[in-house]
Structure formats: C-alpha cells, structure tokens
Amino acid sequence: QVQLVESGGGSVQAGGSLRLSCAASGYTYSSNCMGWFRQAAGKEREGVAAIYTGTGSTYYADSVKGRFTISQDNAKNTVYLQMNSLKPEDTAMYYCAADPPSPHRSAGYCYTTQFNYWGQGTQVTVSS
C-alpha cells in the first residue's frame with residue numbers, strides 16, 4: 001500500500017522558514033515524479049514544486065521561485081520542501097504527491113503530470 005506522509009507544517013511569522021518532509025513507502029522509489037501542491041481556503045489546488053528523483057531535476061511555480069527549494073534523500077525515500085521568506089499568501093494546506101517509476105522524465109513534465117498518489121496534507125500558516 002502506497003503511503004505518503006507529510007510533516008513539518010506549522011505557524012510562522014512572515015519572513016520565517018519551514019521545512020516540509022514527505023516520507024514515501026509501499027512503492028518503488030526510483031526515477032519517480034514527486035511534487036508539492038498547496039490549497040488555500042476557498043481556492044483551487046496549485047502546484048508548488050516538482051522533482052524527478054531519477055536526476056534530481058526540479059521545477060518551481062513562479063510564485064515560490066527563489067524562496068522554496070525541493071530536494072530529495074533517496075536513502076530515506078523522502079522529499080523535502082524548504083520554504084524561506086514565507087509570506088501570508090503562502091498559507092495553505094500543503095500536499096505531497098508521487099507517481100510510479102517512469103524513465104527519462106523532466107521536472108517540467110513532473111510539474112504538470114496527474115499524480116497517482118497523495119498524502120494527507122500538512123497545514124502551513126503564515127501571519128503578517
């Protein structure tokens with residue numbers, strides 16, 4: 001059974017930092033697309049960042065570029081989202097997503113793919 005477990009959310013003031021973790025289990029973690037999404041209250045879900053674990057290539061939404069960093073620890077089957085210079089508009093439920101292994105993908109492809117597996121989410125609240 002595939003499981004994605006997010007952690008690391010919380011409440012911070014604007015300008016602060018948080019690091020989200022997504023621990024994957026129950027499937028082959030190798031050359032996968034993985035991504036972070038968020039959904040603010042009353043808004044549609046949006047992509048934040050994606051990574052192709054086969055190469056480590058990354059892709060970011062314009063709204064977080066330069067502030068957020070997606071990374072991976074293959075030994076731990078874990079993907080991270082380091083969030084710096086947080087803004088109130090970053091407040092949302094953050095979700096991790098993953099796909100089964102697939103060769104020769106780009107992070108840009110990963111950012112737009114329809115992910116098969118989703119975590120339960122972790123709340124991030126940024127106060128001004």
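This report describes the nonpolar cores, the aromatic contacts and the disulfides of the structure above, which is a predicted model.

**Nonpolar cores**

The largest nonpolar core holds 28 residues, and those that touch the most other members are Met34, Trp36, Leu81, Met83 and Tyr94. Strands supply this core from many parts of the chain: two or more residues come from each of strand E3 (18-25), strand E4 (33-39), strand E5 (46-52), strand E7 (68-73), strand E8 (78-83), strand E9 (92-98) and strand E11 (122-127). Apart from this core lies another, of seven residues, which includes Cys33, Ala50, Cys110 and Phe115. As a general background, nonpolar side chains in soluble globular proteins tend to be buried together.

The surroundings of Tyr94 can be given residue by residue. When residues up to four places away in sequence are not counted, Tyr94 touches Glu6, Leu20, Trp36, Phe37, Arg38, Val48, Phe68, Leu81, Met83, Gly121, Thr122 and Val124. Trp36, Leu81 and Met83, which are named with Tyr94 among the residues touching the most other members of the core, are thus found again among the contacts of Tyr94.

**Aromatic pairs and charges over rings**

The structure holds four aromatic pairs. One of them is formed by Phe37 and Trp118, whose rings are tilted, at 4.9 Å centre to centre and with 55° between the planes. Phe37 belongs to strand E4 and Trp118 to strand E10 (residues 117-118), so this pair ties together parts of the chain that are 81 residues apart in sequence. The two partners can also be described by their accessibility: Phe37 counts as buried, at 10% relative accessibility, whereas Trp118 is partly exposed, with a relative accessible area of 31%.

Tyr59 and Tyr111 form another tilted pair, with 4.7 Å centre to centre and 40° between the planes. This pair, too, links distant parts of the chain, since Tyr59 lies in strand E6 (residues 57-60) and Tyr111 in helix H1 (residues 107-112), 52 residues apart. Tyr59 is partly exposed, with a relative accessible area of 37%, and Tyr111 is likewise partly exposed, with a value of 21%.

Phe37 and Trp118 also belong, together with Phe115, to one aromatic cluster. Trp118 has a further partner in Arg45, which lies over the face of its ring at 4.0 Å from the ring centre. A similar arrangement is found for Arg105, which lies over the face of Tyr109 at 4.3 Å from the ring centre.

**Disulfides**

The count of disulfides comes to two, and their sulfur distances and torsions are set out below.

| Disulfide | S to S | Torsion about the S-S bond |
|---|---|---|
| Cys22 to Cys96 | 2.0 Å | about -75° |
| Cys33 to Cys110 | 2.0 Å | about -70° |

The torsion of about -75° makes the disulfide of Cys22 and Cys96 left-handed, and the disulfide of Cys33 and Cys110, with its torsion of about -70°, is left-handed as well. Cys22 lies in strand E3 and Cys96 in strand E9, so their bond ties together parts that are 74 residues apart in sequence. The other disulfide links Cys33 in strand E4 with Cys110 in helix H1, 77 residues apart. Both Cys22 and Cys96 are buried, and both Cys33 and Cys110 are buried. With bonded cysteines counted along the chain, the disulfides follow the pattern 1-3, 2-4. Cys33 and Cys110 are also among the members of the seven-residue core, and helix H1, which contains Cys110, also contains Tyr111 of the tilted pair with Tyr59.

How values were computed. Residues are numbered from 1 along each chain as its sequence is written. This is a predicted model: local features need pLDDT of at least 70, side-chain atom pairs count only at pLDDT 80 or more; totals for chains, interfaces and linings use all residues. Side-chain values use heavy atoms; hydrogens and water are left out. A nonpolar core is a set of buried Ala, Val, Leu, Ile, Met, Phe, Trp, Tyr and Cys residues joined through side-chain atoms within 4.5 Å. Buried means under 20% relative accessible area, exposed over 50%, partly exposed in between (1.4 Å probe, protein chains only). Helices (H or I, at least four residues) and strands (E, at least two) are DSSP runs, numbered from the N terminus. Contact means heavy atoms within 4.5 Å. Rings of Phe, Tyr and Trp (its six-membered ring) pair if their centres lie within 6.5 Å; planes under 30 degrees apart count as stacked, over 60 as edge-to-face and the rest as tilted. A charge sits over a ring if NZ of Lys or CZ of Arg is within 6 Å of the ring centre and within 35 degrees of the ring normal. A disulfide is a pair of cysteine sulfur atoms within 2.5 Å.
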